[in-house]
Amino acid sequence: RSALRSEAPLYQGNALGMVRKPYFGLKGGEKSLIAIFQGDTAVASKVEDEREDLAFALSELEDFALENRSVIFNSADRQQVGELIAESGFKENIQEGKNLFQTCRTRINEFQTVVSKL
């Protein structure tokens with residue numbers, strides 16, 4: 001999670017963290033992005049749109065991961081969780097996570113396609 005959000009000093013400036021921030025976290029935001037593309041607002045807008053789509057897909061995957069976890073502090077917790085699962089007949093459905101992961105991969109490929117054409 002820290003890597004995705006660039007929250008810790010170790011992860012500052014990593015690609016995943018940058019893509020999650022509007023205009024890649026550039027100081028000056030939109031104006032700076034337009035300047036990078038030599039004043040071409042259409043290109044800057046397209047790149048930002050693709051970045052937003054990718055950031056949204058990553059956020060959905062992160063939300064799924066955080067909602068579908070069990071925090072286990074020790075062996076007694078692990079035993080209780082195991083018993084609860086056995087009693088309730090709980091079956092993990094990981095298909096949603098796989099679908100969200102595939103959406104992220106698709107968005108990454110789309111982003112890469114747009115950027116590589118510049």
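Here are a few short exercises on this predicted model, each with a worked solution.

**Exercise 1.** Find out which helix gives the most residues to the largest nonpolar core.

*Solution.* Start with the members: the core has twelve residues, Val19, Phe24, Leu33, Ile34, Ala44, Val47, Leu54, Ala57, Leu58, Cys104, Phe111 and Val114. Next, match them to helices: α3 (29-36), α4 (41-67) and α6 (95-116) each bring in at least two. The top contributor is α4, with five residues.

**Exercise 2.** Check whether the length of α4 agrees with its residue count.

*Solution.* Take the 27 residues of α4 at 1.5 Å a residue, and you should get a span of 39 Å. Now look at the end C-alpha atoms: they sit 38 Å apart, so the two values agree. While you're at the N-terminal end, spot the cap: Asp40 has a side-chain oxygen 3.2 Å from the backbone nitrogen of Ala42.

**Exercise 3.** Work out whether Asp49 is buried, partly exposed or exposed.

*Solution.* First, place Asp49: it belongs to helix α4. Its relative accessible area is 39%. Buried needs under 20% and exposed needs over 50%, so Asp49 counts as partly exposed. Other α4 residues are buried, including Glu48 and Glu50.

**Exercise 4.** Describe the lining of the largest pocket by residue type.

*Solution.* The pocket has a volume of about 250 Å³. Around it you'll find Phe64, Asn68, Arg69, Ser70, Ile85, Phe90, Glu92, Asn93 and Ile94. Sort that lining and you get four nonpolar, three polar and two charged residues. One of the lining residues, Phe64, is also among the buried residues of α4.

Technical notes
Residues numbered from 1 in each chain as written. Predicted model: local features only at pLDDT ≥ 70, side-chain atom pairs only at ≥ 80, totals over all residues. Heavy atoms only, no water. Core = buried A, V, L, I, M, F, W, Y, C linked by side-chain atoms within 4.5 Å. Buried < 20%, exposed > 50% of the residue type's maximum accessible area, 1.4 Å probe, protein only. Helix = DSSP H or I, 4+ residues; strand = E, 2+ residues; numbered from the N terminus. 1 Å grid on protein atoms, 1.4 Å probe; cavity = no way out; pocket = protein on both sides within 12 Å on 5 of 7 lines; lining within 4 Å. Points joined across faces, edges and corners; volume = space filled by probe spheres on them. Nonpolar A, V, L, I, M, F, W, Y, C, P; charged D, E, K, R; others polar. Expected span 1.5 Å × (residues − 1). Polar contact = N/O pair within 3.5 Å; in protein donor to acceptor, adjacent residues only side chain to side chain.
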